[in-house]
Amino acid sequence: MHTLPPQVLTAMELLEQAGYACHIVGGCVRDMLLGRTPSDYDLTTNALPEQMQQVFASCRTIETGIAHGTLTILLDGMSLECTTYRVDGTYSDGRHPDSVRFTPTLEEDLARRDFTVNAMAYHPRLGLTDPFGGQDDLKRGMLRCVGEPERRFTEDALRILRCVRFASVLGFTVEPETAAAVHSMKQRLELVSAERIRSELDKLLLGEHVTEILCRYGDVVFVSIPELAPCFGFAQHSRYHCYDVWTHIAHTVGAAPRDPLLRLTMLLHDVGKPDCFTLDPDGTGHFKGHAPRGAVLAAKILPRLRYDKHTCEQVTELIAWHAEKLRSRAAVRHALSRLGAEQFFRLIEVMCADNSAKQPFCLEELPGLLEAADYARALLDAGACLTLKQLAVNGRDLAAIGAQGRQIGQVLQMLLDAVVAERASNDRAQLLELAQVCLRELRAAPYM
């Protein structure tokens with residue numbers, strides 16, 4: 001076991017000096033037994049809430065969970081949640097206990113927790129308290145509910161998705177009765193807020209074992225993202241693909257770098273395929289237009305899951321571009337100009353992950369994508385004109401030759417496109433000449 005941080009030891013000592021018992025509990029104990037450094041530490045004690053407040057009167061505390069026995073203690077830059085031993089009452093909303101009953105018994109407190117690997121407590125002097133076999137399940141790599149899975153998932157529906165998330169992150173097998181309940185009770189996730197779903201989904205997608213878990217528990221994900229359900233088992237009928245659409249998606253998620261935005265993009269990148277499927281008389285399948293269709297669907301899915309505006313925009317843009325071809329220098333310049341450097345290099349990662357989950361011969365595309373990335377870096381290093389700011393003319397220059405209102409932005413974009421496509425040089429005199437031509441074209445065009 002890791003040595004506990006001094007802030008944790010201080011909190012435990014303050015409680016014990018006041019005559020109360022105290023243990024660290026839950027995920028931090030699990031992580032320590034796995035040889036991992038916990039991201040946070042939770043404490044449990046037989047001190048009642050008002051007694052905890054007296055013990056930590058000299059510390060800064062937050063009382064947001066005090067009604068359920070939880071006091072947040074801030075000690076030397078560390079936040080610690082300390083909760084009175086308790087037994088939960090009924091869960092009428094499927095998420096939170098309607099009431100709690102405080103108990104003097106640590107074992108009763110551990111019995112209310114979700115999985116055996118999270119139902120252990122530890123004290124540096126007294127050792128491990130493990131009434132439900134959590135340590136053995138850790139050694140077996142097994143996720144098992146404490147008690148009856150149906151009861152645990154009825155109490156708190158989020159535990160269904162947490163189970164899948166833990167399996168993805170830890171690489172654990174879900175015990176058969178628990179797994180059966182995950183599948184049979186998945187619709188209860190409709191009771192959970194979009195914010196909590198999003199948080200668990202993000203962690204699930206970053207798991208090292210995400211591909212296997214998405215293949216096994218796709219139905220759980222589909223409750224919150226029903227647009228993905230048609231992808232399950234959808235045969236692609238393509239020489240380029242060795243998997244159905246959902247299995248392909250699962251493999252691309254695992255192949256992408258462990259970055260939240262990229263993994264989310266891969267989860268949704270082919271969501272538009274079932275809507276766009278056509279089959280030739282010879283049995284060849286096509287998905288023409290699936291990238292823009294996928295971007296439209298993602299633009300509905302992501303706000304529904306309460307992703308922030310920036311994430312929504314970045315992911316939908318990558319989905320819209322993921323089927324583009326970057327086989328020429330002109331195509332690279334165009335994409336780099338339109339997307340910007342950061343987003344362009346994300347697109348390269350998306351395309352690499354996509355190709356890695358197709359037929360083996362599609363891996364031949366990877367060197368070309370890496371060459372495209374190298375060429376893009378060379379352009380950036382050379383200061384090539386790729387943005388409106390880099391143009392040798394600006395809006396004031398165009399206004400001086402008679403451009404007005406929207407025409408200014410339209411002409412600037414036309415000039416940039418010409419420079420990026422190497423149809424014009426980034427020379428002020430040449431661009432002003434070309435601007436006159438562009439203006440005449442715009443004025444001659446029928447009003448839209």
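Which residues does Ile24 touch, not counting residues up to four places away in sequence?

**Figure 1. Surroundings of Ile24 in the largest nonpolar core.** In this predicted model, Ile24 touches Leu4, Val8, Met12, Val29, Met32, Asp42, Leu43, Met120, Ala121 and Tyr122, leaving out residues up to four places away in sequence. Apart from the core that holds Ile24 lies another core, of 18 residues, with Leu391, Val393, Leu398 and Ala403 among them. The largest nonpolar core itself has 110 residues, and those with the most contacts inside it are Ile24, Leu228 and Leu267.

**Figure 2. Helix α8 (residues 176–184) and its buried side.** Thr178, Ala179, Ala181 and Val182 are the buried residues of this helix. They cover an arc of only 160° around the axis, which puts them on the same side of α8. An α-helix has 3.6 residues a turn, so residues three or four places apart point the same way. The exposed residues Pro176, Glu177 and Ser184 are carried on the face of α8 turned away from its buried side. Packing against the buried residues of α8 are two strands, β10 (142–143) and β11 (173–174), together with the helices α6 (149–155), α7 (158–170) and α10 (210–224). The N-terminal end of α8 is capped by Glu175, which has a side-chain oxygen 3.0 Å from the backbone nitrogen of Glu177.

**Figure 3. Helix α15 (residues 309–321) and its packing partners.** The 13 residues of α15 should span 18 Å at 1.5 Å a residue, and the end C-alpha atoms are 18 Å apart, which agrees. Buried in this helix are Thr311, Cys312, Gln314, Val315, Thr316, Leu318, Ile319 and Trp321. These buried residues pack against α12 (260–268), α14 (290–304), α16 (329–339) and α17 (341–356). At the start of α15, Asp308 places a side-chain oxygen within 3.1 Å of the backbone nitrogen of His310.

**Figure 4. Aromatic pairs and a ring cluster.** The model holds eight aromatic pairs. In one of these, the ring centres of Phe234 and Phe287 are 6.2 Å apart and the planes stand at 55°, so the pair is tilted. This pair links distant parts of the chain, 53 residues apart: Phe234 lies in the loop between α10 and α11 (245–255), and Phe287 in the loop between β13 (285–286) and α14. Phe287 is buried, since its relative accessible area is 11%, below the 20% cut-off. Phe344 and Phe345 form another pair, with ring centres 5.4 Å apart and planes at 80°, so the arrangement is edge-to-face. Phe344 counts as buried at 0% relative accessibility, whereas Phe345 counts as partly exposed at 21%. Ring pairs also link Phe222, Phe232 and Trp246 into a cluster.

**Figure 5. The buried residue Gln236 and its contacts.** Gln236 lies in the loop between α10 and α11 and is buried, with a relative accessible area of 3%. The side chains of Gln236 and Lys273 are joined by a polar contact of 2.7 Å. Leaving aside neighbours within four places in sequence, Gln236 is in contact with His241, Tyr243, Asp244, Val245, His248, Lys273, Phe277, Gly285 and Phe287. Phe287, one of these contacts, is also the tilted ring partner of Phe234.

Note on methods. Residues numbered from 1 in each chain as written. Predicted model: local features only at pLDDT ≥ 70, side-chain atom pairs only at ≥ 80, totals over all residues. Heavy atoms only, no water. Helix = DSSP H or I, 4+ residues; strand = E, 2+ residues; numbered from the N terminus. Expected span 1.5 Å × (residues − 1). Buried < 20%, exposed > 50% of the residue type's maximum accessible area, 1.4 Å probe, protein only. Contact = heavy atoms within 4.5 Å. Polar contact = N/O pair within 3.5 Å; in protein donor to acceptor, adjacent residues only side chain to side chain. Core = buried A, V, L, I, M, F, W, Y, C linked by side-chain atoms within 4.5 Å. Arc of directions from axis to C-beta. Phe/Tyr/Trp six-rings, centres within 6.5 Å; stacked < 30°, edge-to-face > 60°.
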